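Subject: Structure handover

Hello,

Here is the structure I promised to pass on. Please open it first, then read the notes below.

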Amino acid sequence: MLNIGIIGCGKITQVRHAPEYQENPNCRLAGFYDFDLQRARQMAALYGGAAYDSLDALLDSGLDAVSVCTPNATHAENAIRALEKGLHVLCEKPMATTLEDCQRMVQAARSAGKILMLGHNQRLAKAHVAGRQLIASGQLGRVLAFHTTFGHPGPEGWTGERNSWFFDKRRAAFGAMADLGIHKTDLIHFLLGEPIVRVQAALCTLDKKYPDGSPIAVDDNAYCLYTTRSGVMGAMHVSWTFYGQEDNSTRIYGTQGILRLYDDPQYSLILEKPDGQVERRALDLLTSNKEQTSGGRTSTGIVDAFVHSILTGQCPPVDGEEALKAMRVVFAAQRAALTGQAVDVDQ
């Protein structure tokens, strides 16, 4: 039985991490820490364990692993401190707010001999796993291009906070590009089995405002043109201003067909062939933020994968080094947006 601690008791802990640990029979939620002690106490009352008034007190309480669920700017500090205490770490995305901090996290995990896993849950979705297998087996032929989208009404829609920390540049550092774009960037790496090495990008604030009516300080939309190592080109659009149904779809275009993932309400994988044949698979449905907050389906598979890696010693689906590849693209996209020039990604 693994003793688990959670650092940060906000919405992501409430609707994902804590329920998923509770559902895993190999875990016991042993402790919670939050800068707001009352929130930690509320989580301990719901799930058991103790509420701690300092991070060190939590980390020294006999844990095996922790989830880091704090705002982006504190991911690196909290994860590194836990790793140096000899604990396995599951960290929410984005990994950190600077490339240097991302690299420090990877090195800390390496030095400690512990698992550092990032919450890139799109790799675990069944249609994405099946899509990766189709591409790898050559059934799509040579991949030529892709288009991927992730849009919803914004973090205030699921946190319930109009002035969410997601809009605070000091605490979040990024907007939609890193909140949603990190998912789709990592997904393209996973599906195609190769990294993105060149980026053109536009990061903009189209609509989101603070309560006083001024525009938020981070991007609410990001548009990227990516090129992979082998020359595959594709577009990514991520947005906090889709004021309707969430869109979390991806299309891959190959010489032997088109692969459609999560763009149909019934079939999560559709393979269209040049001769007109269409294969449809109803594998699963992606869990939306709305479903999470309304008490719908809980598990994203991330916690189960993290726990499995700890118990078996196997590399997690997205370890620190793999997550670093996607973060390099995010930082490159920021530079590209600032300069108006294409930026090469050092992978």
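Start in helix 13. Lysine 325 makes a salt bridge there with glutamate 322, and their closest N and O atoms are 3.2 Å apart. Keep in mind throughout that this is a predicted model. Both residues belong to helix 13 and sit three residues apart, about one turn of the helix. In an α-helix, residues three or four places apart point the same way, because there are 3.6 residues a turn. Lysine 325 is partly exposed, at a relative accessible area of 34%.

That pair is part of something wider. Arg123, Asp186, Glu322 and Lys325 are linked in a network of salt bridges. Within this network, aspartate 186 and arginine 123 meet through their side chains, with 2.7 Å from N to O. How far apart in the chain are aspartate 186 and arginine 123? They are 63 residues apart. Aspartate 186 is in helix 10 (residues 181-192), while arginine 123 is in the loop between strand 6 (116-118) and helix 6 (126-136). Are these two residues buried or exposed? Aspartate 186 counts as buried, because its relative accessibility is 2% and the limit for buried is under 20%. Arginine 123 is buried too, at 9%.

The structure holds 17 salt bridges. One of them joins glutamate 156 to lysine 208, with the closest N and O atoms 2.5 Å apart. Glutamate 156 is in helix 7 (residues 156-159), and lysine 208 is in the loop between strand 8 (196-204) and strand 9 (221-228). The pair therefore ties together parts that are 52 residues apart in sequence. Glutamate 156 is partly exposed, at 22% relative accessibility. Lysine 208, at 4%, is buried.

Back to helix 13, and its packing. The axes of helix 5 (residues 99-112) and helix 13 (residues 320-339) come within 10 Å and cross at roughly 175°. That angle is why helix 5 is described as roughly antiparallel to helix 13. Which residues of helix 5 meet helix 13? They are Leu99, Cys102, Gln103, Val106 and Arg110. From helix 13 come Gly320, Glu321, Leu324, Met327, Arg328 and Phe331. By type, the residues of this contact divide into six nonpolar, two polar and three charged.

Next, helix 4 (residues 75-84). Why can it be called largely enclosed by the rest of the structure? Because seven of its ten residues are buried. The buried ones are His75, Ala76, Asn78, Ala79, Ile80, Ala82 and Leu83. They pack against several elements, among them strand 1 (2-7), helix 3 (55-59) and helix 5. Strand 4 (65-68) and strand 5 (88-91) are also on that list. Just after helix 4, glycine 86 takes a positive phi of about 85°.

Last, the cysteines. How many disulfides does a search of the whole structure find? Zero. For cysteine 27, the closest cysteine sulfur is in cysteine 69, 13 Å away, which is too far for a bond. Cysteine 69 is in no disulfide either, and its nearest cysteine sulfur, that of cysteine 91, is 8.1 Å away. Both cysteine 27 and cysteine 69 count as buried, at 11% and 8% relative accessibility.

Best wishes

Notes:
Residues numbered from 1 in each chain as written. Predicted model: local features only at pLDDT ≥ 70, side-chain atom pairs only at ≥ 80, totals over all residues. Heavy atoms only, no water. Disulfide = S-S within 2.5 Å. Buried < 20%, exposed > 50% of the residue type's maximum accessible area, 1.4 Å probe, protein only. Axes fitted to C-alpha atoms, helices over the stretch in contact; angles between N-to-C directions. Helix = DSSP H or I, 4+ residues; strand = E, 2+ residues; numbered from the N terminus. Parallel < 35°, antiparallel > 145°, perpendicular 65-115°, else oblique. Contact = heavy atoms within 4.5 Å. Nonpolar A, V, L, I, M, F, W, Y, C, P; charged D, E, K, R; others polar. Salt bridge = Lys/Arg side-chain N within 4 Å of Asp/Glu carboxyl O.
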